[in-house]
Amino acid sequence: MNLDQLNQRITEIQAEVAAALTDINNVDAVRSLETSVLGKKGSLGSLITGVKDYPPDQRGQVGKSVNRAKTLIKASLDERLTQIQSDQVTAANALAGDFDPTLPGQPRPLGSVHPVTAVQWEVERLFERLGFTVEAGPEMETEHNNFEALNIPASHPARDMHDTFWLDNGKVLRTHTSPVQHRSMLKFGAPLRVIVPGRCFRYETLDASHENTFHQVEGLLIDRDISLGNLIALAKTLLTEVMNRDVELRVRPGYFPFVEPGIEIDMNCAICEGSGCPTCKHSGWIEILPAGMVHPKVLEAGNIDTDKYTGFAFGLGLTRLAMMKYGIKDIRVLNSGDLRPITSPTRIGGPIVWSRRKTPA
Ligand code: DAH
């Protein structure tokens, strides 16, 4: 290519770039145009590489022409780029209205409440609406409150099921929340409506459904003319509301020394919807609410006048209810330090989702 032809070609390239730039509206397109013109193999870039092939006396002239063209083209590309970027900011501002991109970001909530806590708060809100007081008791309990006051003397076979951790000071890690029945009777007298959410401990071999540390919610209602019918109606309201579905109940006789009669209230299994699965031991039912009419001996131990008052009590399996509600198959994940969301096949039910509620006062 002689000098005239070269200058002719340079003029063409400049015209091509100018034409292309009028149609281009995004940053990527400007960048790819730049590569296709100024890159080593680009239309102008290859002319620049070819300067060395001209005879020495022409190289100065050729070099000047191509470099001048390069500077002009680069300037026009940069100008377009700046224009596009400023148009983008203007468009984003128009979309965002009053949004101020220079303000610091909103802090993202890290983590959330434990599933058992979430269900506990839900149960507390429900019972508060029904006029119950939320009570607490110590996790380190006297043998008397954990057993004797509940009609479980030292020789009673029921103690076998409550094998627990005995402490050097003679106390026990409570095996259930029921001792707070006794504490509440002494504290408030009758009539009485309390629930007691809390952590309990038993000497257990760990498996998918047994933990040495678990949560219950004790319930106690003492008043005139209280019947099992009231208890079953309450159980239906409670479980239907927490599970957010129409829960079917099954009521069976059950034995607990501190109630007479004692019953077991089961609900249809949420994991298999009652058709049978390992979680419900293929029965379709989950034992969730052992309960009964408070034994006269327990009322007497709590200084309640048994001629005037009767009452019912229950011991809701809070941990089990949380597992049902969120489809958690293995109890062990609840006390482990594994913070991954419960989504893997061994942890069915998808991520845990609940609305944040205020901490109980
Ligand atoms: N405390 C019992 C347990 O942990 C559960 C229980 C059964 C509590 C019947 C009650 C009740 O209040 O009436 O095994």
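A polar contact is a pair of N or O atoms within 3.5 Å. The exercises below apply to a predicted model.

**Exercise 1. Ligand surroundings**

Identify the residues that come nearest to the ligand, and examine the polar contacts made by side chains.

Solution.
1. The ligand has 15 residues around it, of which His176, Ser178, Arg202, Gln216 and Glu218 come nearest.
2. Ser178 places a polar side-chain atom 2.9 Å from a ligand nitrogen atom. With the cut-off of 3.5 Å, this pair is a polar contact.
3. For Gln216, an N or O atom of the side chain is 2.8 Å from an oxygen atom of the ligand.
4. Gln181 has a polar side-chain atom 3.1 Å from a ligand oxygen atom.
5. On its own the ligand has 360 Å² of accessible area, and the protein covers 95% of this.

**Exercise 2. Two helices in contact**

Determine how helix 5 is oriented relative to helix 10, and state what kinds of residues form the contact.

Solution.
1. The axes of helix 5 (residues 115–129) and helix 10 (residues 318–326) come within 9 Å and cross at roughly 105°.
2. Angles of 65 to 115 degrees count as roughly perpendicular; therefore helix 5 is roughly perpendicular to helix 10.
3. Helix 5 contributes residues including Val116, Val119 and Val123, while those from helix 10 include Leu318, Leu321 and Tyr326.
4. The contact residues comprise nine nonpolar, two polar and two charged.

**Exercise 3. Backbone geometry**

Locate the cis peptide bond that joins Ala190 and Pro191.

Solution.
1. Omega of this bond is about -5°.
2. Pro191 belongs to the loop between helix 7 (179–188) and strand 4 (192–201).

Technical notes
Residues numbered from 1 in each chain as written. Predicted model: local features only at pLDDT ≥ 70, side-chain atom pairs only at ≥ 80, totals over all residues. Heavy atoms only, no water. Axes fitted to C-alpha atoms, helices over the stretch in contact; angles between N-to-C directions. Helix = DSSP H or I, 4+ residues; strand = E, 2+ residues; numbered from the N terminus. Parallel < 35°, antiparallel > 145°, perpendicular 65-115°, else oblique. Contact = heavy atoms within 4.5 Å. Nonpolar A, V, L, I, M, F, W, Y, C, P; charged D, E, K, R; others polar. Near = heavy atom within 4 Å. Polar contact = N/O pair within 3.5 Å; in protein donor to acceptor, adjacent residues only side chain to side chain. Areas by Shrake-Rupley, 256 points an atom, 1.4 Å probe, with all protein chains shown as cover.
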